Number of protein chains: 2
Amino acid sequence: MQTIGKLSAATGVKVPTIRYYEQVGLLPQPARTQGNQRLYDRRAVQRLSFIRHARDLGFPLDAVRELLGLADDPDRSCAAADAIARRQLHEVNARIQRLNALRDELERMLRHCACGTISECRVIEVLGSHAHCQGGHIEGADLAGD
Amino acid sequence: MQTIGKLSAATGVKVPTIRYYEQVGLLPQPARTQGNQRLYDRRAVQRLSFIRHARDLGFPLDAVRELLGLADDPDRSCAAADAIARRQLHEVNARIQRLNALRDELERMLRHCACGTISECRVIEVLGSHAHCQGGHIEGADLAGD
DNA sequence: CTTGAACCTCTAGCGACTAGAGAACCTATG
DNA sequence: CATAGGTTCTCTAGTCGCTAGAGGTTCAAG
């Protein structure tokens, strides 16, 4: 049994984040000391490590929730977990593609800049009119997320 | 002079987003009709297109603000704009690297899954203990942003 | 003159935390 | 046993870049 601080040190998850995970239902409410401080057991360490690892791999919290549910039920088919991971892989690949397009555009912009004054600055010019683009980057691309 | 709807259509920026940009000071307060509706001129179209393009390239709004300031001052050195773009390029490259590591990890996870029951599921297993990782993905990687 | 689309302001919500205030607790030392 | 200071508690608000909705006004067409 350990306090939230030790759990944080053991898993690398910050203390407020642990409390946040409890708040949103990813971690069960732990036992408490007489003084109302949280006390965690070994299972909590495991569960939190699982969450952390899934987050490191970019899974959104909802997916983590699903994966936790699956992990709690060892007799079910693994197909569901597979599907979630596969979905995440697609997400990551899509994001990589979009970022590659951005990188190309940024590099071309910078390559062509003679670095004189703003009035002849390629960076500003390219941003000002879309005509200079090679169409590499997608308009309205959803760049958000992890 | 056009209404906010036309400006939206002309630039591809949604109406609430235009109002949001005005609110945070990226767009100046436009003229108004007698009935209090916003009226935009050609310069507004240009400025908003500039913003949109920079956003498409992943620049955060603060960087867009800086770039707009530079664009307004054609006699200054282009070096500052260059630096901002270069910083953004580094950001994008870093993000690509992190995502590549994630992709590798996800792919390996999926390759090794025999797809039986959860108890032998490679996906769940890998998430449960970090021991299976090849160290490809960085712990605590900041995955957020665009 | 009426309809209905487009506009107005204002507030709240998204994801996944992070920061800070102000109070209570817990442990180690004098 | 008292006290100092580190850790923990709850609660609220802020981050980024929008997006959604409520409830009301204005404008152009028929």
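The exercises below work through a predicted model of protein chains and DNA strands.

**Exercise 1. The surface near DNA strand D**

Find which residues come nearest to DNA strand D, and which atoms of the strand they meet.

Solution. Step 1: list the neighbours. There are 18 residues around DNA strand D, and the nearest are A:Gly5, A:Arg19, A:Arg38, B:Tyr21 and B:Arg55.

Step 2: sort them by class. The surface near DNA strand D holds five nonpolar, eight polar and five charged residues.

Step 3: look at the strand's own atoms. Of those within 4 Å of the protein, 90% are sugar or phosphate atoms, and the rest belong to bases.

Step 4: check single contacts. A phosphate oxygen of DNA strand D lies 2.7 Å from a backbone N or O atom of A:Gly5. For B:Leu61, a backbone N or O atom is 3.2 Å from a phosphate oxygen of this strand. B:Thr17 uses a side-chain N or O atom, 3.0 Å from a phosphate oxygen.

Step 5: assign the helices. Helix 1 (4-11) of chain A and helix 2 (15-23) of chain B each supply at least two residues of this surface. Helix 2 of chain B gives the most, with three residues.

**Exercise 2. The surface near DNA strand C**

Repeat the analysis for the residues that surround DNA strand C.

Solution. Step 1: 18 residues surround DNA strand C, with A:Tyr21, A:Arg55, B:Gly5, B:Arg19 and B:Arg38 the closest. Of the strand's atoms that come within 4 Å of the protein, sugar and phosphate make up 89%.

Step 2: by class, the surface has five nonpolar, eight polar and five charged residues.

Step 3: a polar side-chain atom of A:Tyr21 is 2.7 Å from a phosphate oxygen of DNA strand C. B:Gly5 places a backbone N or O atom 2.7 Å from a phosphate oxygen of the strand. Two or more residues of the surface come from helix 2 (15-23) of chain A, and likewise from helix 1 (4-11) of chain B.

Step 4: helix 2 of chain A gives the most to this surface, with three residues.

**Exercise 3. Salt bridges and exposure**

Decide whether A:Asp62, A:Arg65, B:Arg108 and B:Glu105 are buried, partly exposed or exposed.

Solution. Step 1: place the pairs. The whole structure has 22 salt bridges over all chains. One of them joins A:Asp62 and A:Arg65 at 3.6 Å, N to O; both residues lie in helix 4 (residues 61-71) of chain A, three residues apart. Another joins B:Arg108 and B:Glu105 at 2.8 Å, and both of these lie in helix 5 (residues 79-111) of chain B, about one turn of the helix apart.

Step 2: apply the cut-offs, under 20% for buried and over 50% for exposed. A:Asp62 has a relative accessible area of 52%, so it is exposed. A:Arg65 has 34%, so it is partly exposed.

Step 3: do the same in chain B. B:Arg108 is buried because its relative accessible area is 17%, and B:Glu105 is buried because its value is 3%.

**Exercise 4. The nonpolar core**

Identify the residues with the most contacts inside the largest nonpolar core, and trace what A:Phe59 touches.

Solution. Step 1: the core has 81 residues, and A:Phe59, A:Leu67, B:Phe59 and B:Leu67 have the most contacts inside it.

Step 2: leaving out residues up to four places away in sequence, A:Phe59 touches several residues of chain A, including A:Val64, A:Leu67 and A:Ile84.

Step 3: A:Phe59 also touches B:Leu106 and B:Met109 of chain B.

Technical notes: Residues are numbered from 1 along each chain as its sequence is written. Chains are lettered from A and ligands numbered from 1 in the order in which they are written. This is a predicted model: local features need pLDDT of at least 70, side-chain atom pairs count only at pLDDT 80 or more; totals for chains, interfaces and linings use all residues. Side-chain values use heavy atoms; hydrogens and water are left out. A nonpolar core is a set of buried Ala, Val, Leu, Ile, Met, Phe, Trp, Tyr and Cys residues joined through side-chain atoms within 4.5 Å. Buried means under 20% relative accessible area, exposed over 50%, partly exposed in between (1.4 Å probe, protein chains only). Contact means heavy atoms within 4.5 Å. A residue is near a molecule or strand if one of its heavy atoms lies within 4 Å of it. A polar contact is a pair of N or O atoms within 3.5 Å; within protein, one must be able to donate a hydrogen and the other to accept it, and residues adjacent in sequence count only if both atoms are side-chain atoms. Helices (H or I, at least four residues) and strands (E, at least two) are DSSP runs, numbered from the N terminus. Ala, Val, Leu, Ile, Met, Phe, Trp, Tyr, Cys and Pro count as nonpolar, Asp, Glu, Lys and Arg as charged, and the others, Gly among them, as polar. A salt bridge is a side-chain nitrogen of Lys or Arg within 4 Å of a carboxyl oxygen of Asp or Glu.
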